[in-house]
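Here are a few exercises to try with the viewer open. Have a go at each before reading its solution.

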Amino acid sequence: MKIVSFGDVHMATRNLARMGEVMRDTDLVIVSGDLTNFGGSADAGKVIDAVRRACGRVLALPGNLDKADVFPFLEREGIALHGRGLVIDGIGIFGCGGSNITPFKTPTELSEDEIYETLLRGYAEVRDVRPLLMVCHTPPFETRCDRIPGGRAVGSTAARRFIEEIKPDLCISGHIHESAGVDTIGPTTIVNAGPFKDGGYIVVRAADGRLDARL
């Protein structure tokens with residue numbers, strides 16, 4: 001199975017037109033949050049429509065810059081990952097959208113307790129499945145994937161705690177545009193693609209019970 005994942009789209013879907021070869025044999029696209037730029041369901045719908053034209057099988061999370069009505073929109077579309085867990089081609093996939101609290105009062109921010117509870121709710125639906133893919137818009141705290149300019153870590157302590165306890169095979173994140181990269185927490189690989197509007201995406205290949213993720 002081949003999965004392509006990207007986030008921090010902010011309405012800029014033009015890079016999809018350049019990804020014909022990448023998308024040609026892609027089985028699933030996961031959008032890891034921030035479909036819009038302070039937009040609601042109408043804007044999110046434009047992004048999802050563009051993604052579906054590239055690959056018909058899609059899952060998505062809202063990010064902190066997506067308004068509250070994006071959550072029920074994704075549910076209605078049958079593609080929501082926030083607090084949900086699904087088994088697709090033998091892979092357990094679950095997630096949490098929004099972000100931890102920021103200084104900027106963005107539309108969708110969650111307390112650390114809410115992030116942990118949302119991840120746990122999704123995980124409960126796939127807990128007996130391996131390999132396990134966690135999608136969290138906010139990267140876990142203190143990794144190469146959560147550093148703002150100057151080097152300060154601003155990721156989620158709850159996401160890190162959850163990874164340390166559950167040990168998913170892979171965590172896909174986003175949110176921190178300046179911190180595209182790869183890191184590990186124990187056996188879990190952490191990947192932040194950076195913003196899709198700047199061309200960042202992840203390719204995940206699943207084979208023999210393992211997930212291999214590359215920027």
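**Exercise 1.** How much space lies in the second largest pocket, and which residues line that pocket?

*Solution.* Keep in mind that you're working on a predicted model. Start with the volume: the second largest pocket holds about 170 Å³ of space. Next, pick out its lining, which is made up of Asp169, Leu170, Pro187, Thr189, Gly209, Arg210, Leu211, Asp212 and Ala213. Now map that list onto the secondary structure: strand 11 (residues 210–214) gives the largest share, four residues. Finally, sort by chemistry, and you get four nonpolar, two polar and three charged residues.

**Exercise 2.** Find the volume of the largest pocket, and say which residues are the closest to its centre.

*Solution.* The volume first: about 440 Å³ for the largest pocket. Of the 19 residues lining this pocket, Thr102, Pro103, Phe104, His175 and Ile176 sit closest to the centre. As for the character of the lining, count nine nonpolar, seven polar and three charged residues.

**Exercise 3.** Which residues of helix 3 (residues 70–77) are buried, and why do they lie on the same side of the helix?

*Solution.* Take buried as under 20% relative accessible area. That picks out Val70, Phe71, Phe73 and Leu74 in helix 3. Now look around the axis: these residues cover an arc of only 165 degrees, so they end up on the same side of helix 3. Then ask what covers them: helix 2 (41–54) and strand 3 (58–60) are included in that cover. One last step takes you past the helix end, where glycine 78 follows helix 3 with a positive phi, near 75 degrees.

Notes: Residues are numbered from 1 along each chain as its sequence is written. This is a predicted model: local features need pLDDT of at least 70, side-chain atom pairs count only at pLDDT 80 or more; totals for chains, interfaces and linings use all residues. Side-chain values use heavy atoms; hydrogens and water are left out. On a 1 Å grid over the protein atoms alone, a cavity is a set of points where a 1.4 Å probe fits but cannot get out, and a pocket is an open set with protein on both sides within 12 Å along at least five of seven lines; lining residues have an atom within 4 Å of a point. Grid points are joined across faces, edges and corners, and a volume is the space filled by probe spheres set on the points. Ala, Val, Leu, Ile, Met, Phe, Trp, Tyr, Cys and Pro count as nonpolar, Asp, Glu, Lys and Arg as charged, and the others, Gly among them, as polar. Helices (H or I, at least four residues) and strands (E, at least two) are DSSP runs, numbered from the N terminus. Buried means under 20% relative accessible area, exposed over 50%, partly exposed in between (1.4 Å probe, protein chains only). The arc is that of the directions from the helix axis to the C-beta atoms. Contact means heavy atoms within 4.5 Å.
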